[in-house]
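Please explain how this protein model is put together. I would like to be led from its charged contacts to its surface and its overall layout.

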Amino acid sequence: MQEQINSLSYRMLFLNTLAFTICFAVWTFNGVMVTYLTDNGIFEWGPVEIGWLLGIPILTGAIFRLPLGILTDKYGGKWIFAALLLFCAIPMYLISFADSFMFYAVLSFFFGFAGAGFAVGIGYTSVWFPKSWQGRALGIFGAGNAGAALTTLLAPTLLNNFTANGLNPENWRLLPQYYAGVLVVMALVFMFFSVNKKSNAPARTMAVILKPLQSIRVWRFGFYYFLVFGCFVAFAQWLVPYFVNVYGASLVVAGLFASLFSFPSGVIRVLGGWMSDKLGARRVMLGTFRWSIILAALLMVPKMDIITPGKGIMATQAGEVSGVTDQAIEVGNRNYALASKDDAMERMNDPSAAASFLPHKYSWQEPVVRPGQEVGKKELLAKGVTQISFEANMWVYAVLVLLIGIVWGIGKAGVYRFIPDYFPNEVGTVGGMVGVIGGLGGFVCPILFGYLLDWTGLWTSSWILMFILSVVCLFWMLRVTRNIVKTESPEIAHKIDRVE
């Protein structure tokens with residue numbers, strides 16, 4: 001099978017990956033752009049509106065993956081990909097004239113077609129490589145997800161340069177024009193240097209093409225992809241406003257941290273493809289879901305302060321209260337020392353406490369009696385107050401985000417490694433449908449994040465949702481695996497990746 005791979009195959013893999021990287025950078029454009037526009041007061045958009053603007057282009061890219069995947073199977077990827085790049089350049093350029101939420105939203109819908117480039121590239125890449133190399137080839141192509149990191153890393157710096165660090169805020173309109181220019185250049189490169197090739201499968205009717213979509217397996221793969229890809233896309237954009245609002249980071253710093261999530265997640269997909277070829281996609285996906293549960297559980301702990309009753313002081317004998325201060329209470333001839341709130345606040349404001357990644361406890365006592373009051377033995381003189389502060393250290397948070405991005409990146413390759421095994425002649429169609437479902441995660445999640453933030457006031461509510469989705473994915477895959485073992489003889493357990 002190896003002899004089927006030649007220099008032309010590698011060239012097409014490079015061009016497909018490059019074009020997809022550009023498409024992905026365009027697809028996640030709003031993560032940085034909308035954050036800039038709202039933080040600088042250019043548009044007055046709240047969390048819900050921001051969620052919609054982050055999600056709308058993702059919706060377009062998701063729902064049009066299936067038809068573009070079918071077109072790629074039928075006509076080949078060269079002209080489909082080139083036409084897609086040119087088409088997306090038009091609304092991206094027009095973004096520079098946006099002056100309202102609705103205008104911006106409509107244009108976002110149309111430049112969101114860039115996300116459908118994934119289905120084109122999947123089908124167009126798979127025809128150049130034998131089955132034994134599918135996991136690696138599609139993993140390398142999928143590394144184009146790192147285009148999200150290009151936007152989060154470079155776009156804030158470009159905005160600062162265009163606007164002279166905010167002195168000329170209206171110059172933000174140059175950024176979408178540059179993005180449109182890059183799309184046009186990539187389309188021309190693709191037209192001149194790519195070679196068209198279609199699937200070797202015989203011509204089929206639309207009913208035959210769509211028949212695989214009747215399989216529950218396609219929808220299950222799509223649900224897995226909803227988590228590892230759709231949620232990746234959502235956070236590639238959502239992390240920018242997250243770092244700005246929770247940690248007070250600048251747009252450039254927030255973009256840098258967001259790129260630490262998206263870039264490794266995209267590049268590691270290559271390793272995920274190799275692992276899926278060598279270990280089997282099912283084993284890779286089981287590990288993905290387990291680690292996703294662990295990391296989401298850690299990330300969903302919010303930056304918070306908890307006030308709770310603490311250790312109080314009770315009278316050891318009856319008597320009259322003769323003196324009350326913040327430091328002590330005197331009853332009869334007995335003096336009761338109090339823990340001072342001022343001392344607790346001083347410790348709380350210590351920079352070393354904020355730098356720690358562990359929770360800190362601060363306690364003090366507040367008098368509940370007044371001078372001249374008669375108190376009995378065991379009566380409460382001062383109530384205890386305990387404040388537990390958890391700073392959710394930004395660096396620890398960034399490392400955890402990096403790790404879950406890597407886990408999801410491996411999982412993205414694992415999901416697509418299933419497809420050539422089960423649907424060898426419908427990779428574009430099935431890959432398009434799985435991409436649709438996964439892409440819907442990128443549309444639905446930012447909107448859900450906005451509503452969850454609005455309802456709960458917790459930025460980490462988004463990670464609670466990730467924890468739930470990860471548990472459901474793991475349960476579903478384990479249930480399928482158990483059904484295999486029950487249905488087939490135990491001797492085929494080592495071949496479980498090939499039987500379902």
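Two salt bridges turn up in a search of the whole structure, a salt bridge being a side-chain nitrogen of Lys or Arg within 4 Å of a carboxyl oxygen of Asp or Glu. The model is predicted, so local features need pLDDT of at least 70 and side-chain atom pairs count only at pLDDT 80 or more, while totals for chains, interfaces and linings use all residues. Residues are numbered from 1 along each chain as its sequence is written, and side-chain values use heavy atoms, with hydrogens and water left out.

One of the salt bridges joins Glu 366 to Lys 383, with 3.7 Å between the closest N and O atoms. Glu 366 belongs to strand E5 (residues 360–367) and Lys 383 to strand E7 (residues 380–390), so the pair ties together parts that are 17 residues apart in sequence. Helices (H or I, at least four residues) and strands (E, at least two) are DSSP runs, numbered from the N terminus. Glu 366 is partly exposed at a relative accessible area of 23%, and Lys 383 is partly exposed at 39%. Here buried means under 20% relative accessible area, exposed over 50%, and partly exposed in between (1.4 Å probe, protein chains only). In the other salt bridge, the side chains of Glu 170 and Arg 173 meet at 2.9 Å, N to O. Glu 170 is partly exposed, with 44% relative accessibility.

Charges also sit over aromatic rings, a contact that requires NZ of Lys or CZ of Arg within 6 Å of the ring centre and within 35 degrees of the ring normal. Lys 412 lies over the face of Phe 232, 3.4 Å from the ring centre. The charged end of Lys 197 is placed over the ring of Trp 128, at 4.7 Å from its centre.

On the surface, Leu 150, Leu 153, Leu 154, Leu 158, Leu 256 and Leu 260 make a nonpolar patch of about 460 Å². Helix H9 (147–162) and helix H13 (251–267) are the elements that give two or more residues to this patch, and H9 gives the most, with four residues. Leu 154 lies in helix H9 and is partly exposed at 45% relative accessibility. Patches are made of residues with over 30% relative accessible area and no salt bridge, where like charges are joined within 9 Å and nonpolar side chains (Val, Leu, Ile, Met, Phe, Trp, Tyr) within 5 Å. Accessible areas come from the Shrake-Rupley method with a 1.4 Å probe, and for residues only the protein chains shown count as cover.

Two loop residues have an unusual backbone sign, given that most residues other than glycine have a negative phi. Ala 164 has a positive phi of about 55 degrees; this residue is in the loop between H9 and helix H10 (174–193) and is partly exposed at 32%. Lys 378, with a positive phi of about 70 degrees, is in the loop between strand E6 (374–375) and E7 and is exposed at 57%.

By contrast, Asn 30 in helix H2 (residues 29–39) is buried, with a relative accessible area of 0%.

Taken as a whole, the protein chain has 20 helices and seven strands, and 55% of its 500 residues count as buried. The chain is divided into domain 1 (7–302 + 394–492) and domain 2 (305–390), with bounds from an automatic or database domain assignment. The centres of these domains, taken over C-alpha atoms, are 53 Å apart.
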